[in-house]
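Visitor: Hello! I would like a close look at one part of this model, with a little of its surroundings. Could you walk me through it?

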Amino acid sequence: MSSPTPSMPAPEPTPAAESTSVATAATATAGTATATADATEAVVARGVERVFAGAKGAEVTALTGIELAVHDGEFVSLIGPSGCGKSTLLRLIADLDEPTAGEIRVFGKTAKQARIDQSYGIAFQQAGLLPWRSVAANIELPLQLHGADAATRRSRVAELLELVGLADFAKHYPDQLSGGMQQRVAIARSLAEQPRLLLMDEPFGALDEMTRERMQTELLRIRAETGAAVVFVTHSIPEAVYLSDRVVVMSPRPGRITDEIDVRLGDAADRGEDLREDAAFFAGVTAVREALHGPETAPAAGAARGVDVR
Amino acid sequence: MTSAAPERVETTPPPAADPTIAMPGLAASAAPRRRAAGDGPLARFAKLVLPPVALFIVLVLLAELVVVAAGIPPFVLASPSAILDQLVQYAPQVLAATLATGLNALIGLVIGAVIGVLLAIAASVGRPVDGMLAPVVAAVAVVPIVALAPVFYTMFGSTSEVARILIASIAAFVPVFLNTLRGLRQVRPVHRDLMKSYAATPSQLTRLVTIPSALPHFFTGLRIASSLAVISALVAEYFGGPRQGLGSAITTAAASSAYARAWAFVIGAILLGLVFFVLTSLIERIASRHR
């Protein structure tokens with residue numbers, strides 16, 4: 001069920017990534033992009049707007065003027081305060097919701113077609129496991145839904161359990177697992193059909209800090225093994241910097257992209273725990289902080305140690 | 001509460017010696033086992049049943065003591081030993097009456113549950129159906145169904161059990177319908193999103209998510225309905241119809257001043273209600289194990 005898109009070598013960072021004035025850069029990218037070029041991108045959003053109908057005819061603009069391109073194999077974080085529309089944007093990419101204006105293409109297809117073709121895997125803030133199914137049965141759910149035979153299912157589930165380090169828990173039920181383990185099951189499930197794109201909506205948001213850091217390292221390893229593109233929604237600056245190739249900064253009322261910061265801290269496979277104490281990591285944290293709050297309120301790079309502005 | 005007390009007497013002949021020695025030990029052994037991870041249905045059953053049984057036995061002994069010591073006449077309060085005596089003497093009749101009433105309650109429960117589930121599915125699928133059903137169900141829920149018994153006996157004839165089955169099924173229908181409908185609407189948004197992201201068909205969504213989500217709620221409804229079905233089937237007998245059930249036997253015994261025998265049939269009614277309640281509770285617990 002993986003997408004038919006030809007796999008591409010990891011592309012160079014776009015000019016937009018180095019720019020702080022994203023709106024113009026992103027528009028330029030979109031302007032030159034043709035339909036064929038779109039097909040090589042994991043996600044392309046052009047002029048996307050989402051307006052919700054509020055009470056008594058009032059309208060709430062959740063997103064406006066979104067221009068975004070996620071390259072194949074790239075890890076992009078969407079970060080911003082509550083209400084900036086980052087989860088809404090992810091839901092639009094996943095076709096769980098539809099934009100009121102603009103267009104979203106996933107591997108060159110419409111978002112709806114991409115969903116029907118199962119071009120992406122998705123993980124939510126809540127693990128969302130089915131409590132009446134065992135861990136193994138939860139992971140095989142997408143395979144079962146799409147008619148994979150029993151032998152294929154069994155071997156794939158065994159692989160995935162190994163990948164997320166839960167091989168001993170196949171027969172357990174979700175209520176017997178900790179929050180972190182449940183989330184790992186959810187990630188295994190999202191990887192079941194080897195998607196080239198992974199959509200993650202604050203998957204570690206409900207976890208404690210220690211579990212969260214371990215899960216982040218694990219996610220990087222898994223991502224290095226699968227080579228999938230990732231769109232990762234978070235409101236944790238260190239998390240975004242640690243994981244991402246590129247951090248997309250959003251701001252609320254109306255939800256829009258205000259900045260993009262290239263933070264590529266080396267190959268996903270090489271990133272270890274020491275990276276969290278690396279100067280480049282703090283520089284990234286500072287850059288994202290300044291993009292979120294404006295430079296006048298941000299402390300110096302040295303003072304950013306251990307800061308988690310959420 | 002003395003009426004409920006002798007229920008245990010039937011299974012343990014010498015109630016004086018047995019409970020005081022056996023009960024604390026059993027209770028103590030059941031308690032720590034509950035804390036263990038894989039709690040078997042047997043341990044759960046013991047934990048569910050033993051404490052109230054112990055209370056009953058204490059009450060029986062107390063009642064016997066009071067009746068004998070104070071010399072209360074049998075038409076005011078029959079002594080537990082007299083009731084036990086009657087229960088032994090009339091065991092076949094009590095059993096037959098319990099089975100007759102139990103069968104009505106069971107058939108009524110099944111019919112009420114099936115209709116309740118079908119209508120709940122219809123109401124969960126279509127808002128208009130829900131709009132039509134809601135006031136009707138509300139009306140059915142507040143009408144004392146047993147009060148319709150005389151009307152039904154006239155409709156179906158006084159030799160037919162149909163009236164009682166009908167009353168039991170209407171009584172059982174309401175909680176099954178309400179709980180099942182609630183369960184069918186309890187699909188978590190994250191599960192709905194997940195199934196949409198998998199491009200699951202509506203039938204896959206129903207089979208793999210909606211029904212499993214609703215099952216524990218259905219069984220809760222069934223547990224409540226089981227007691228109502230027994231009560232309704234029994235009380236309906238007070239208003240006429242064939243004379244082989246528990247309700248008829250209780251009125252007959254009381255009318256002929258055989259108070260201890262009336263109590264013996266009441267014990268049959270309690271056992272019947274308990275069987276229904278315990279069985280449906282067990283099913284409910286098993287169904288909602290992993291929540």
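Visitor: Among contacts in chain A between residues at least 6 apart in sequence, what percentage join residues at least 24 apart? And after that, please take me to helix 9 of chain A.

Guide: Happy to! Keep in mind that this is a predicted model. In chain A, 69% of the contacts between residues at least 6 apart in sequence join residues at least 24 apart. The chain has 310 residues, and buried ones make up 50% of them. Its elements are twelve helices and ten strands.

Now for helix 9 of chain A, which covers residues 179-190. From the first C-alpha to the last, its twelve residues reach 17 Å, close to the expected 16 Å. This helix is mostly covered, with nine of the twelve residues buried. You can follow the buried ones along the sequence: Gln182(A), Gln183(A), Arg184(A), Val185(A), Ala186(A), Ile187(A), Ala188(A), Arg189(A) and Ser190(A). What do they pack against? Among the partners within chain A are two strands, strand 6 (120-123) and strand 7 (197-201). The helices they pack against are helix 6 (135-139), helix 7 (141-145), helix 8 (150-163) and helix 10 (209-226) of chain A.

To finish, step back to the neighbouring chain. Here 14 residues of chain B are in contact with 17 residues of chain A. On the chain B side, helix 8 (189-197) and helix 9 (202-236) of chain B each give two or more residues. Helix 8 of chain B provides the largest share, six residues. By type, that side of chain B divides into seven nonpolar, four polar and three charged residues.

Technical notes. Residues numbered from 1 in each chain as written. Chains lettered and ligands numbered in written order. Predicted model: local features only at pLDDT ≥ 70, side-chain atom pairs only at ≥ 80, totals over all residues. Helix = DSSP H or I, 4+ residues; strand = E, 2+ residues; numbered from the N terminus. Expected span 1.5 Å × (residues − 1). Buried ≥ 20, exposed ≤ 12 C-beta atoms within 10 Å, placed from the backbone. Contact = placed C-beta atoms within 7 Å. Nonpolar A, V, L, I, M, F, W, Y, C, P; charged D, E, K, R; others polar.
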